[in-house]
Amino acid sequence: MQADEIIQQKEWSELNAAEKVLLLELASNEQEYNLVKKMLQIFAEEPGDVPMIGKHVRHELHAELPKSEVRPIVFYKYAAAAAILIAVITGVIFLKKDKQTRDIVKNDTIARPVEQVAIRQQPIVTAIDTAASSPKSIVPSQQQNVVNLVPAPTRVIADPVPQEPVYAVVSTSVKSHDELLDLVTEIY
Amino acid sequence: MEPSRPTYKTLSDEALLSFLQKGNAMAFDELYGRYGQKIFSYFFRMLWKDKELAEDMTQDLFMKLIRHAQNFSADRNFFTWVYSIANNMCKNEYRKKEVRARHHQLQKPQLATDAVNPDMRRFREAVHHCTNELAEEKKALYILRFQENLTVPDISKILNIAEGTVKSRIFYLLKEMKEKLKEFETLSIYP
């Protein structure tokens, strides 16, 4: 216990020998001891003299506070709702596309009549070809075909690929119906 | 996560300081509620009982807390840290000689009007006069020990001196004041 604590808590008559020795330099008798005791009491009374701090100090300090990093909860709610909405829309679009893709593959795996894909198997000599070439160069067997093809529709006349027209349009490597089917299956 | 308002009352000073760094107004309010008046009282007593000056100093101290909260070392006690800052600010103020001189002239003796016994009133005035006259270091020790009722270890941390030194300084401060008030030994000052 410190000297001041002893004086505050005890009367002179309550002091033991060791305490009296400790306080000897400060209070060698009861009169001095009581003077110091009263002095300490007055010390303790003095805080009552302090006024209250002005409220303006708090207000001015509030203005100095850095802007809070806390964001409103509403912001997070909107962000979460938007994220969910985007996820749902993306999911729906993906599922639809996936279904379409599967349908195409299924249809293509079913064997179809060759006639539907390969429109023409025989080489055709168009009217333009006929007009451009010399009549002398046409062999009699071909000449018969030319006669037959004169009234053919314009679309057929304009066809630039007389040999295997449909397969060539898809791929130059496709030569037959089976190869075309394989290619389409591979793609999908 | 942000604690609710009542939760701030349960938080330690150090935890509140970490929220204050982020600009949390409620953490500031709680810290100010704990220390605002105490620090103001310390400044008021240390700085010649000048209310305006004490308010300015309190404001400056809290501004330092807000701006330099990151400088607080986690292994320190916030309470002693704040008081040590206040004490250093007082030291700087005492160094301004012109300010000290001005306050010294303006200072009026404390009137103990509530004392019934005339001897007691004189004694009180003499005690106040003695405490007002104390040098800066002794005054800080006197306020921290006898008015703030702080422990020797806390005072040691605030004033940055050894505990043994604090004990001996308290002892000799009492002795010095007793010598100054010796004339009241025989007077009937005890009601």
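Chain A contains 11 helices and 0 strands, where helices (H or I, at least four residues) and strands (E, at least two) are DSSP runs numbered from the N terminus. Read from the N terminus, the elements of chain A follow the order α-α-α-α-α-α-α-α-α-α-α. The model is a predicted one, in which local features need pLDDT of at least 70 and side-chain atom pairs count only at pLDDT 80 or more, whereas totals for chains, interfaces and linings use all residues. Residues are numbered from 1 along each chain as its sequence is written, and chains are lettered from A and ligands numbered from 1 in the order in which they are written.

Of the 188 residues in chain A, 7% are buried, a residue being buried if 20 or more other C-beta atoms lie within 10 Å of its own, exposed if 12 or fewer, and partly exposed in between, with C-beta atoms placed from the backbone. Among contacts in chain A with a separation of 6 or more, 52% involve residues 24 or more positions apart; two residues are in contact if their C-beta atoms, placed from the backbone, lie within 7 Å. Within this chain, Glu19(A) belongs to helix H2 (residues 17-23) and is classed as partly exposed because 15 C-beta neighbours fall inside 10 Å. The C-alpha atom of Glu19(A) is separated by 9.5 Å from that of Met1(A), a residue 18 positions away along the chain.

Chain B has 10 helices and 0 strands, and its elements run α-α-α-α-α-α-α-α-α-α from the N terminus on. In chain B, 30% of the 191 residues are buried, and 55% of the contacts between residues at least 6 apart in sequence join residues at least 24 apart.

At the interface, 37 residues of chain B are in contact with 34 residues of chain A. The side of chain B that touches chain A draws at least two residues from each of helix H3 (25-46), helix H4 (51-67), helix H7 (118-133), helix H8 (136-147) and helix H10 (163-180) of chain B, and the largest share, 9 residues, comes from H3(B). By class, this side of chain B is made up of 19 nonpolar, 8 polar and 10 charged residues, where Ala, Val, Leu, Ile, Met, Phe, Trp, Tyr, Cys and Pro count as nonpolar, Asp, Glu, Lys and Arg as charged, and the others, Gly among them, as polar.

The largest nonpolar core, that is, a set of buried Ala, Val, Leu, Ile, Met, Phe, Trp, Tyr and Cys residues joined through C-beta atoms within 7 Å, has 57 residues, and those with the most contacts inside it are Met39(A), Leu20(B), Ile39(B), Phe43(B) and Ala86(B). H3(B) provides the largest share of this core, 11 residues. Leaving aside residues up to four places away in sequence, Met39(A) touches Val127(B), Met177(B), Lys178(B) and Leu181(B).

H3(B) packs against helix H5 (residues 78-95) of chain B at an angle of about 30°, with the axes 11 Å apart; axes are lines fitted to C-alpha atoms, for helices over the stretch in contact, and angles run from 0 to 180 degrees between N-to-C directions. H3(B) is therefore roughly parallel to H5(B), since angles under 35 degrees count as roughly parallel, over 145 as roughly antiparallel, 65 to 115 as roughly perpendicular and the rest as oblique. The crossing of H3(B) past H5(B) is right-handed, the near helix being turned clockwise from the far one by less than a right angle, whereas an anticlockwise turn would be left-handed. Tyr35(B), Ile39(B), Tyr42(B), Phe43(B) and Met46(B) of H3(B) make this contact with Val82(B), Ala86(B) and Cys90(B) of H5(B), and by class the contact has 8 nonpolar, no polar and no charged residues.

Two loop residues of chain B may be described by their backbone angles. Trp48(B), in the loop between H3 and H4, has a positive phi near 55° while being a residue other than glycine, and is partly exposed, with 17 other C-beta atoms within 10 Å. Asn149(B), in the loop between H8 and helix H9 (152-159), likewise is not a glycine and has a positive phi of about 55°, but counts as exposed, with 10 C-beta neighbours inside 10 Å. In helix H7 of chain B, Met120(B) is buried, with 20 other C-beta atoms within 10 Å; Met120(B) and Phe184(B), 64 residues apart in sequence, lie 9.1 Å apart in space, C-alpha to C-alpha.
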